[in-house]
Amino acid sequence: MGKIFSRYGDGYAAWLTEDEIRRDIEEGTRDAADRGKIPELTAEDKERLLEICIMPGKNVCVERGKEVIVTFDAGTLKIPIRNGVPMDRTTAILTHEKILCSDTMELAHVDYSYKQIKSIISEEKIAMEHAQLNTIIPLFYGAMPNLGLYTKPDGPVGNWSELLPAGKIAEAREAQEEAIEHAIKDMVFVASNMYEAGADGINFDTVGASGDADVLATLKAVAILKEKYPEMAIETGFAGEFVLGMHGQLAYDGTRLAGLYPHQQVKVAEKAGATIFGAAVNTNSSMSFPWNIARVCTFIKACTEAASIPVHVDVGMGVGAIPLNNVPPTDAVTRADKAIIEIGKADGL
Amino acid sequence: MAITHETSAGMGGIRTAGDLAARMQMSKGMKINEAKEYIAGKLGISVFDLSDSTIMNEIREERGIGELMARPGAPIGIEAKIRIEELLGIKINSVGRFKRMIGM
């Protein structure tokens with residue numbers, strides 16, 4: 001049997017037989033099902049995923065009529081900062097609107113955390129006000145909750161990453177609980193100001209990057225904002241497939257946050273008032289693309305079935321079966337998109 | 001990667017009806033199929049045509065809801081969004097702010 005070109009999760013080429021791809025799909029979906037306590041992909045799904053993995057064209061695309069909406073994290077950081085193109089952020093927005101044909105865009109600052117934005121809120125509001133005059137596509141303002149920034153020496157509370165290894169569990173929990181209160185104030189302050197400057201929506205990006213306390217702070221901020229501004233669109237993009245229990249005992253409205261997988265994360269996000277849920281499933285760089293995408297589709301299918309709100313799947317480098325590589329190969333990216341939409345039934349990316 | 005995702009899976013922004021579908025997800029929490037059906041109903045075309053840039057460019061020009069190519073007299077930015085708000089029957093935050101600023 002001939003070998004088929006595929007990829008590993010780090011982006012390097014993998015030449016696999018059809019049987020090997022079939023085996024990796026089986027093992028990938030089983031891994032997700034075991035971890036998330038969710039159903040494996042059906043036989044029909046697995047057959048379709050195999051077809052997508054072995055399609056001969058370099059790039060693939062969704063079937064006509066199945067196109068979805070694309071939202072962004074770190075929106076205006078991509079061209080001027082990551083690509084190093086000397087361009088104002090508002091020009092980057094118009095570049096996305098008129099040239100890259102993005103469905104939405106996000107205004108963002110290079111120091112991409114709500115705590116840091118607080119001190120430059122006036123300048124950020126001015127940028128939003130200017131951008132909204134010239135922009136047609138919906139424009140989010142986004143940043144990260146980033147609870148770790150509230151720890152000493154940069155912030156006022158103890159560092160749980162130092163307290164936990166020292167066995168100071170109670171102190172670590174207390175520090176996180178204190179950080180939550182600071183973070184809520186900053187997120188509500190920044191989001192309120194940016195909404196009043198004309199933002200179409202607020203994006204909370206990489207929710208849970210600092211664990212369950214990071215998630216709780218965001219959910220509480222979302223609930224406050226939705227009460228204050230019922231028509232505000234809020235996207236909560238999670239940091240990973242599994243909420244880390246850095247605290248371990250935190251709950252939102254009776255649901256313990258540590259250990260939640262995407263199909264459960266979306267329910268707490270909905271309860272808080274989120275409008276769009278960003279689901280993240282981590283890429284394992286040592287495993288093949290078929291293994292990774294089978295896992296992703298299994299988690300996402302369960303998530304979209306559970307969700308009452310639109311689910312946009314995170315497909316940046318290192319998540320959503322996209323290789324953990326600064327220049328992800330388009331053959332893998334387009335196959336991931338197609339599978340996530342056609343099998344996972346995502347509403348957006 | 002933005003252009004890769006857009007060409008493989010995206011609706012195409014203002015080339016088509018991508019921004020309109022995004023607005024329905026954002027303002028009403030609609031899932032993708034519901035958002036597309038809503039917009040298609042408002043525009044009087046099929047869901048299938050929403051992602052067709054040939055059809056949508058004509059519609060966008062006729063309706064004055066913003067288009068890809070620069071053209072003298074074509075609505076830009078807030079001018080297009082005022083019409084989008086009316087077309088979709090939703091509130092657009094920046095339009096509301098603009099109207100308040102000019103005393104409307």
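Here are some short exercises on a predicted two-chain model, each with a worked solution.

Residues are numbered from 1 along each chain as its sequence is written, while chains are lettered from A and ligands numbered from 1 in the order in which they are written. As this is a predicted model, local features need pLDDT of at least 70 and side-chain atom pairs count only at pLDDT 80 or more, whereas totals for chains, interfaces and linings use all residues.

**Exercise 1. Work out how the radius of gyration of each chain sits against the globule rule.**

Step 1: get the rule. The radius of gyration is taken over C-alpha atoms, and the rule is 2.2 Å times the number of residues to the power 0.38.

Step 2: try chain A. For 349 residues a compact globule would come out near 20 Å, and chain A has 20 Å, so the two agree. Its C-alpha atoms fill a box of roughly 60 × 50 × 35 Å along the principal axes.

Step 3: try chain B. For 104 residues the rule gives a value near 13 Å; chain B has 14 Å, which agrees. Along its principal axes, the C-alpha trace spans about 45 × 35 × 30 Å.

**Exercise 2. Describe the make-up of each chain, from secondary structure to burial and contacts.**

Step 1: count elements. Helices (H or I, at least four residues) and strands (E, at least two) are DSSP runs, numbered from the N terminus. Chain A has 12 helices and 10 strands; chain B has 6 helices and 0 strands, giving the pattern α-α-α-α-α-α along the sequence.

Step 2: look at burial. A residue is buried if 20 or more other C-beta atoms lie within 10 Å of its own, exposed if 12 or fewer, and partly exposed in between, with C-beta atoms placed from the backbone. That makes 57% of the 349 residues of chain A buried, and 44% of the 104 residues of chain B.

Step 3: look at contacts, meaning residue pairs whose C-beta atoms, placed from the backbone, lie within 7 Å. In chain A, residues 24 or more positions apart account for 75% of the contacts with a separation of 6 or more. In chain B, 31% of the contacts between residues at least 6 apart join residues at least 24 apart.

**Exercise 3. Find what each chain brings to the contact between A and B.**

Step 1: count residues. Chain A supplies 47 residues and chain B supplies 42 residues.

Step 2: find the elements. On the chain A side, helix 4 (89-98), helix 6 (121-134) and helix 12 (330-342) give two or more residues. Helix 12 of chain A gives the most, with 6 residues.

Step 3: sort by type. Ala, Val, Leu, Ile, Met, Phe, Trp, Tyr, Cys and Pro count as nonpolar, Asp, Glu, Lys and Arg as charged, and the others, Gly among them, as polar. The chain A side then splits into 23 nonpolar, 14 polar and 10 charged.

Step 4: check the confidence. The predictor gives the complex an ipTM of 0.97 and a pTM of 0.95.

**Exercise 4. Show where the buried residues of helix 4 of chain A lie around its axis.**

Step 1: list them. Arg89(A), Ala92(A), Ile93(A), His96(A) and Glu97(A) are buried.

Step 2: look down the axis. Those buried residues fall within an arc of 140 degrees, so they line one face of the helix; the arc is that of the directions from the helix axis to the C-beta atoms.

Step 3: recall the geometry. An α-helix has 3.6 residues a turn, so residues three or four places apart point the same way.

Step 4: see what covers them. The cover includes helix 3, strand 3 (105-107), helix 6 and strand 4 of chain A, together with helix 1 (2-9) of chain B.

**Exercise 5. Pick out the backbone oddities in chain A.**

Step 1: set the baseline. Most residues other than glycine have a negative phi, and most peptide bonds are trans.

Step 2: check omega. The bond from Lys152(A) to Pro153(A) is cis, with omega near 10 degrees. Pro153(A) lies in the loop between strand 4 (139-143) and helix 7 (160-163) of chain A.

Step 3: check phi. Lys37(A) has a positive phi of about 55 degrees, and Ala74(A) has a positive phi near 50 degrees.

Step 4: compare surroundings. Lys37(A) is exposed, with 10 other C-beta atoms within 10 Å, whereas Ala74(A) is buried, with 20.

Methods. Two residues are in contact if their C-beta atoms, placed from the backbone, lie within 7 Å.
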